[in-house]
Amino acid sequence: MQVKATDLAWAAGILDGEGYLGLYRVRPKTLHNLSGTAMHIEVAMTHEATLLRLQQILGGRINGPYTRPNRLTHWKWYTAGQKHVAETIRALRPYLTTKRQDAALLLRFVHWRWQQPAIGHYQHLVFPAWVVDHLDSSKKTKGGTSRWKS
């Protein structure tokens, strides 16, 4: 199914306003993630129908509902992994505004990572300085902002 440009523009607007682009350190637990990094795109909101439409356009998954005392019930749409994140960013890149720089940095990381040789168990990649700067300064913040240092 071909996705309309207007749908991609709508999805980019949701991501710009409510989204989160993350690249962060993880402890390698499996042979599938020896790089010590993980990435995902996430949108959390209280309007489930919006997330269902986002899922129709971009794929991904929806988790929830999440409930907490004195808070509105919310759901989270997300896509994870270098391949899926890169595909999503490439589709939305022409329409992104406020998250454009974050998206460019994630794509730069994916491109760099794919050019690295395969690594063995218990070995770690040596990251270039531009990655280390962003990973070390990254902290998950409230309000849908990214973990990338601006």
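**View 1. The buried side of helix α1.** Asp7, Leu8, Ala11, Ala12, Ile14, Leu15 and Asp16 are the buried residues of α1. The model you are looking at is predicted. Four neighbours to look for around these buried residues are β1 (19–25), β2 (37–45), α2 (48–58) and α3 (82–92), which are included in what covers them. The helix itself has 14 residues. From its first C-alpha to its last, α1 reaches 20 Å, close to the 20 Å expected at 1.5 Å a residue.

**View 2. A close-up of aspartate 7.** Start by finding aspartate 7 in helix α1, which covers residues 5–18. Is aspartate 7 buried or exposed? Its relative accessibility is 19%, and buried means under 20%, so aspartate 7 counts as buried. Leaving aside residues up to four places away in sequence, aspartate 7 touches Arg53 and Ile57. Both of these partners also appear in the next view, among the α2 residues that meet α1.

**View 3. Where α1 meets α2.** How do the axes of these two helices cross? The axes of α1 and α2 come within 10 Å, and their crossing angle is roughly 130°. The two helices are therefore oblique to each other, and their crossing is left-handed. On the α1 side, the residues taking part are Asp7, Leu8, Trp10, Ala11 and Ile14. They meet Thr50, Arg53, Leu54, Ile57 and Leu58 in α2. Sorted by character, the residues of this contact divide into seven nonpolar, one polar and two charged.

**View 4. Histidine 74 and its surroundings.** Now move along to strand β4, residues 74–80, where histidine 74 has its place. Which residues does histidine 74 touch, not counting those up to four places away in sequence? They are Ala44, Met45, Thr46, Gly64, Pro65 and Tyr66. Asparagine 63 is another helpful landmark: along the chain, asparagine 63 and histidine 74 are 11 residues apart, and their C-alpha atoms are separated by 9.2 Å.

**View 5. Stepping back to the whole chain.** With the close-ups in mind, here is how the pieces fit into the chain. The chain holds five helices and four strands. Reading along the sequence gives the pattern α-β-β-α-β-β-α-α-α. Of its 150 residues, 40% count as buried. Among the contacts in the chain with a separation of 6 or more, 59% are accounted for by residues 24 or more positions apart.

Note on methods: Residues are numbered from 1 along each chain as its sequence is written. This is a predicted model: local features need pLDDT of at least 70, side-chain atom pairs count only at pLDDT 80 or more; totals for chains, interfaces and linings use all residues. Side-chain values use heavy atoms; hydrogens and water are left out. Buried means under 20% relative accessible area, exposed over 50%, partly exposed in between (1.4 Å probe, protein chains only). Contact means heavy atoms within 4.5 Å. The expected span of a helix is 1.5 Å times one less than its number of residues. Axes are lines fitted to C-alpha atoms, for helices over the stretch in contact, and angles run from 0 to 180 degrees between N-to-C directions. Angles under 35 degrees count as roughly parallel, over 145 as roughly antiparallel, 65 to 115 as roughly perpendicular and the rest as oblique. A crossing is left-handed if the near helix is turned anticlockwise from the far one by less than a right angle, and right-handed if clockwise. Ala, Val, Leu, Ile, Met, Phe, Trp, Tyr, Cys and Pro count as nonpolar, Asp, Glu, Lys and Arg as charged, and the others, Gly among them, as polar.
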